[in-house]
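New to this one? Have a look around first, and then we'll walk through some of its features.

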Amino acid sequence: MGPAPAGEQLCGAIVEPEVMEPALGGTGKERKKAFSRKRTLAEPPAKGLLQPVKLSRAELYKEPTNEELNHLRETEILFHSSLLRLQVEELLKEVRLSEKKKDRIDAFLREVNQRVVRVPSVPETELTDQAWLPTGVRVPLHQVPYAVKGCFRFLPPAQVTVVGSYLLGTCIRPDINVDVALTMPREILQDKDGLNQRYFRKRALYLAHLAHHLAEDPLFGSVCFSYTNGCHLKPSLLLRPRGKDERLVTVRLHPCPPPDFFRPCRLLPTKNNVRSAWYRGQSAAGDGSPEPPTPHYNTWVLQDTALESHLQLLSTMLGSAQGLKDGVALLKVWLRQRELDKGQGGFTGFLVSMLVVFLVSTRKIHTTMSGYQVLRSVLQFLATTDLTVNGISLCLSSDPSLPALADFHQAFSVVFLDSSGRLNLCADVTASTYHQVQYEARLSMTLLDSRADNGFHLLLMTPKPMIRAFDHVLHLHPLSRLQAACHRLKLWPELQDNGGDYVSAALGPLTTLLEQGLGTRLNLLAHSRPPVPEWGISQDPPKHKDSGTLTLGLLLRPEGLTSILELGPEADQPEAAKFRQFWGFRSELRRFQDGAIREAVVWEAASMSQKRLIPHQVVTHLLALHTDIPETCVHYVGGPLDALIQGLKEASSTKGRMVMSRGGELVMVPNVEAILEDFAVLGEGLVQTVEARSERWTV
């Protein structure tokens, strides 16, 4: 056989690139270049490794394109720097919901809709006749008092509507919640269902019947109850898929009345819808005394009637503006890192979404702004606007029948009205919570204006729980002591308005009492109520005392903190009686060097560390005097390092140094063993302090 024709190759053979061997002659420099070129051709780059991009001089120094110029100009106008823009964009990618997960969630929602509308009906019975309920399901509501008028029957919902941030595209990971409104048929409700919790009883029975049938469906891996924003009169039903998608989404079912069912004039903040005789179990008073208003009760009914209208308003304002949606997502992250949106009365993501709508309607935010600009604008508004003094409204109507802002300020601490002019969106937000939001907004604006390199991480990436944000922290436990505080403070109207929730009823007067007692020592007082955990459909709903611990945080002023004297008015002044009543046996008459005789309170403090803990004495004294909460129920955390510092000083004084002789000269040399021992004691003390504050540090 002869040689193969030119151009033919054996099938499957691997042909190596031919490398010509250079001649051994020539200079050393030429041989070195040839050898380098040979190695380059013989050794291809390893797969998977990034290789540098080779650009010619013309490509390297070419002029930027119009797209690149627009991007640079946009970064300069909308952001502080390119780094900040990259950080914001990466954060938004992390918290957004991917399209694949959206498709799976949409499929689950369609299955939920099909099963909800197929739940069988129940014949009509009295509200107090609940024998038709299956034995494995409990009503998710404390029916106190139990006797109530009215009838109930179950019919499938007239309409199933997805509401909330999922449709708007502003929900953030990792916890994806989809709110679904179930419009109850008109045949279920009666004209006077707004009175004496009748509507809320029917709402709870509606959920109990749904829970029994949905729990038997193999589609759902978890069916349980939870309180809506911590309100114990408004439970919701939580549904999660079975299998690998169990953590994908949580669907929350909220029964609501048909549109325009309740008369809005009956739900104004000045109206009463919970009769005192029914609530206290007494006979109706015939003296003609007026009933106390129930503004919070009325607001909870109005919230259910406005679910769809709020969704339409948010969709109109945020629908096509991606920058506004990004701003809402960043604000939700900002709130979550500071735990401002947790528990009852928190400043939720829904509130910041409506606040963005308000700023757009007042032209303080434009729809072309970026998410970072929206974040700055909202924080600036929160830092400079006090809604506890001057409320705001989305209502543009000039109807004289609508209540004025002053009427809402008399009933609520924080006022932000929706577009109807009748619903206060911040009805559950306390003044302390809003002042904490203001304080954090001011700190955040200072951080943004400083343009610090770590500003993004401090603003949006670093958790800031209450234990890290305040100087002193106190825990009230058990919460059942607040029930006695309500009786001592005579908070019967507040209990009637809050449906027996003595924690919510006592919270406002309690914080006002402590703010007045701490006076100039206090810069900020805030509270934190942990969210009530979910419970199974076969369990009784958690009681008010089961919601954990009420935590109060004190941010103190350095000026006047260590003063042991509370100076009151002169003895002949009319304010002296109020001073004595407020401070009790602690108040006493004292003569001062200027000859004045005044009421005064003197605190015991022998050292500087004890002076720094004078707020502890103030808090425990006032709570025991005015609310019957003993000192044993107040777990105070303040100055935990004082004893540790004293121990370090003693250890260092005993074996902190040793004397050595070097060259006939005495030299003082630090004792390394003593220093290391001090650091060990310091580390143990820090660990004990963190454990006492229920906080874990990871290194």
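## A salt bridge to start with

Let's begin with one pair of side chains: Asp-326 and Arg-96 meet in a salt bridge, with N to O at 2.8 Å. This pair links distant parts of the chain, since Asp-326 sits in helix H11 while Arg-96 is in the loop between helix H4 (82–95) and helix H5 (99–116), 230 residues apart. Asp-326 is buried, with a relative accessible area of 11%, whereas Arg-96 is partly exposed at 35%. Keep in mind that what you are looking at is a predicted model.

## The chain as a whole

Now step back a bit. The chain has 699 residues, and 45% of them count as buried. Its secondary structure comes to 25 helices and 19 strands. Take the contacts between residues at least 6 apart in sequence: 70% of these join residues at least 24 apart.

As for the outside, the chain exposes about 38,000 Å², and carbon and sulfur atoms supply 53% of that.

## More charged pairs

How many salt bridges does a search of the whole structure find? The count is 23. In general, side chains of opposite charge can pair when their charged atoms come close.

Another of these pairs is Asp-245 with Arg-104, at 2.5 Å from N to O. Asp-245 lies in the loop between strand E6 (231–241) and E7, and Arg-104 in helix H5, so the pair ties together parts that are 141 residues apart in sequence. Asp-245 counts as buried at 18% relative accessibility, because buried means under 20%. Arg-104, at 37%, is partly exposed.

Then there is Arg-586, which forms a salt bridge with Glu-604; their closest N and O atoms are 3.1 Å apart. Here the partners are 18 residues apart: Arg-586 is in the loop between H21 and E15, and Glu-604 is in the loop between strand E16 (597–602) and helix H22 (608–611). Arg-586 is buried, with a relative accessible area of 19%. Elsewhere, Glu-111, Arg-115 and Asp-217 are linked in a network of salt bridges.

## Patches on the surface

Which residues gather in a patch of positive charge on the surface? They are Lys-149, Lys-192, Arg-263, Arg-266, Lys-271 and Arg-275. Arg-275 can be found in the loop between strand E7 (250–256) and helix H8 (276–280), and it is partly exposed, with a relative accessible area of 30%. Two members of the patch, Arg-266 and Lys-271, turn up again among the contacts of Asn-298.

There is also a nonpolar surface patch of about 480 Å², made by Val-53, Leu-55, Leu-60 and Tyr-61. Leu-55 is in the loop between helix H1 (28–42) and helix H2 (57–60).

## Hidden or out in the open

Is Asn-298 buried or exposed? Asn-298 is buried, with a relative accessible area of 0%. It lies in helix H9 (residues 295–305). Neighbours within four places in sequence aside, Asn-298 is in contact with Arg-266, Leu-267, Leu-268, Lys-271 and Asn-273.

Phe-585 is another story: it counts as exposed, at 70% relative accessibility. You'll find Phe-585 in the loop between helix H21 (575–583) and strand E15 (588–591). Ser-320 is exposed too, at 76%, and lies in the loop between helix H10 (307–318) and helix H11 (322–337). The C-alpha atoms of Ser-320 and Leu-168 are separated by 9.8 Å, with their positions 152 residues apart along the chain.

## Backbone oddities

Most residues other than glycine have a negative phi, and most peptide bonds are trans. A few spots here go the other way. A cis peptide bond joins Val-144 and Pro-145, with omega about -5°; Pro-145 is in the loop between strand E1 (122–126) and strand E2 (151–154). The bond from His-477 to Pro-478 is cis as well, with omega near 0°, and Pro-478 lies in the loop between strand E10 (472–476) and helix H18 (481–488).

Asn-196 is not a glycine, yet it has a positive phi of about 50°. Asn-196 is placed in the loop between strand E4 (177–183) and helix H7 (198–215), and it is buried at 9%. Arg-363 also has a positive phi, of about 65°. Arg-363 sits in the loop between helix H12 (349–361) and H13, where it is exposed, with a relative accessible area of 78%.

Technical notes
Residues numbered from 1 in each chain as written. Predicted model: local features only at pLDDT ≥ 70, side-chain atom pairs only at ≥ 80, totals over all residues. Heavy atoms only, no water. Patch = residues over 30% accessible without salt bridge, like charges linked within 9 Å, V, L, I, M, F, W, Y side chains within 5 Å. Areas by Shrake-Rupley, 256 points an atom, 1.4 Å probe, with all protein chains shown as cover. Salt bridge = Lys/Arg side-chain N within 4 Å of Asp/Glu carboxyl O. Lys, Arg positive; Asp, Glu negative; His and termini not counted. Charge placed at Lys NZ, Arg CZ, Asp CG, Glu CD. Helix = DSSP H or I, 4+ residues; strand = E, 2+ residues; numbered from the N terminus. Buried < 20%, exposed > 50% of the residue type's maximum accessible area, 1.4 Å probe, protein only. Contact = heavy atoms within 4.5 Å.
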